Each structure stands twice: as C-alpha cells, then as structure tokens.
Amino acid sequence: MPDRHPPIVVVDTTVFWADLRLAGAAWGQALVLAKRGALQLQIPSVVIREAARHYQRQTADADRDIRKLSGTLNRLGID
C-alpha cells in the first residue's frame, strides 16, 4: 500500500487579510488538523510579508483616526 501524504494547504494573502490575528474558527480547525498530521499548512514568505505590511497599515490608520478623534473631543471639552 502506498505511503499517503496529507494534503498540502498553501495559504494566500487574502486569507490573512480576512483574519490577521488568526483567531477565527477556521484557523483553529486548520491548526488542529495540521498538528494531527491530517494536513500540511504552507505559508509562503511573501504572504507573511504582505500580511505584516497590511497589519501595520491598519494599525497606523487606526492610530491616526484615534488621534484625530481625540483632538476633536478635546476641542469639545471632553477628556
């Protein structure tokens, strides 16, 4: 009987963009299956770099928005 290898799942950038913290149920299930040897997760380095850049952009945008709103609240006398 031939040696069976688990399927290989190559993760694309769009998957990361949907859940940058990898906190969703699908990620949890994929990690459990990978730990059991039921599948192999492969994440290309370019995907990791793109996800990191996207995360940095989102946090920078959120920081800018918070600072802008904070200034507005201060001008309205709300600390």
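These are my notebook entries on a predicted model of a protein.

**Entry 1: overall layout**

I began with the secondary structure and found three helices and two strands, which follow one another along the sequence in the pattern β-α-α-β-α. The radius of gyration is 20 Å, well over the 12 Å that the globule rule gives for 79 residues, so I note the protein as more spread out than a compact globule. Taken along the principal axes, the box filled by the C-alpha atoms is roughly 75 × 25 × 15 Å.

I then looked up burial and surface, and noted that 15% of the 79 residues count as buried, while the accessible surface comes to about 6,500 Å², with 58% of it belonging to carbon and sulfur atoms. For contacts between residues at least 6 apart in sequence, I recorded that 77% join residues at least 24 apart.

**Entry 2: the nonpolar core**

Which residues make up the largest nonpolar core? I listed six, namely Val 11, Phe 16, Leu 20, Trp 27, Val 47 and Ala 51. As a general reminder to myself, nonpolar side chains tend to be buried together in soluble globular proteins.

I followed Trp 27 further and, setting aside residues up to four places away in sequence, found that Trp 27 touches Val 11, Val 15, Phe 16, Asp 19 and Leu 22. Val 11 and Phe 16 are thus contacts of Trp 27 and also members of the core, whereas Asp 19 is among the residues that Trp 27 touches but is not listed in that core.

**Entry 3: His 54**

I next turned to His 54, which is found in helix α3. Is His 54 buried or exposed? I have His 54 down as buried because its relative accessible area is 13%, which falls under the 20% cut-off for that class. Leaving aside neighbours within four places in sequence, His 54 is in contact with Trp 17 and Leu 20, and Leu 20 is itself one of the core residues.

**Entry 4: salt bridges**

How many salt bridges does the structure hold? I counted three, and wrote beside them the general point that side chains of opposite charge can pair when their charged atoms come close.

Arg 64 meets Asp 61 in a salt bridge at 3.2 Å, N to O, and these two, being three residues apart in helix α3, are separated by about one helical turn. Arg 64 also forms a salt bridge with Asp 65, the closest N and O atoms being 3.3 Å apart, and I therefore entered Asp 61, Arg 64 and Asp 65 as linked in a network of salt bridges. On accessibility, Asp 61 is partly exposed with a relative accessible area of 31%, and Asp 65 counts as partly exposed at 38%.

The remaining entry is the pair Asp 63 and Arg 67, whose side chains meet at 2.9 Å, N to O. Being four residues apart in helix α3, Asp 63 and Arg 67 are separated by about one helical turn. I noted Asp 63 as partly exposed at 35%, whereas Arg 67 counts as exposed at 59% relative accessibility.

**Entry 5: a nonpolar surface patch**

Lastly I looked at the surface patch of nonpolar side chains, which is made by Leu 73, Leu 76 and Ile 78 and covers about 290 Å². Leu 76 has its place in the segment after α3 (45–75), and I marked Leu 76 as exposed because its relative accessibility is 61%, over the 50% that the class requires.

Notes: Residues are numbered from 1 along each chain as its sequence is written. This is a predicted model: local features need pLDDT of at least 70, side-chain atom pairs count only at pLDDT 80 or more; totals for chains, interfaces and linings use all residues. Side-chain values use heavy atoms; hydrogens and water are left out. A nonpolar core is a set of buried Ala, Val, Leu, Ile, Met, Phe, Trp, Tyr and Cys residues joined through side-chain atoms within 4.5 Å. Buried means under 20% relative accessible area, exposed over 50%, partly exposed in between (1.4 Å probe, protein chains only). Contact means heavy atoms within 4.5 Å. Patches are made of residues with over 30% relative accessible area and no salt bridge: like charges are joined within 9 Å, nonpolar side chains (Val, Leu, Ile, Met, Phe, Trp, Tyr) within 5 Å. Accessible areas come from the Shrake-Rupley method with a 1.4 Å probe; for residues, only the protein chains shown count as cover. A salt bridge is a side-chain nitrogen of Lys or Arg within 4 Å of a carboxyl oxygen of Asp or Glu. The radius of gyration is taken over C-alpha atoms; the globule rule is 2.2 Å times the number of residues to the power 0.38.
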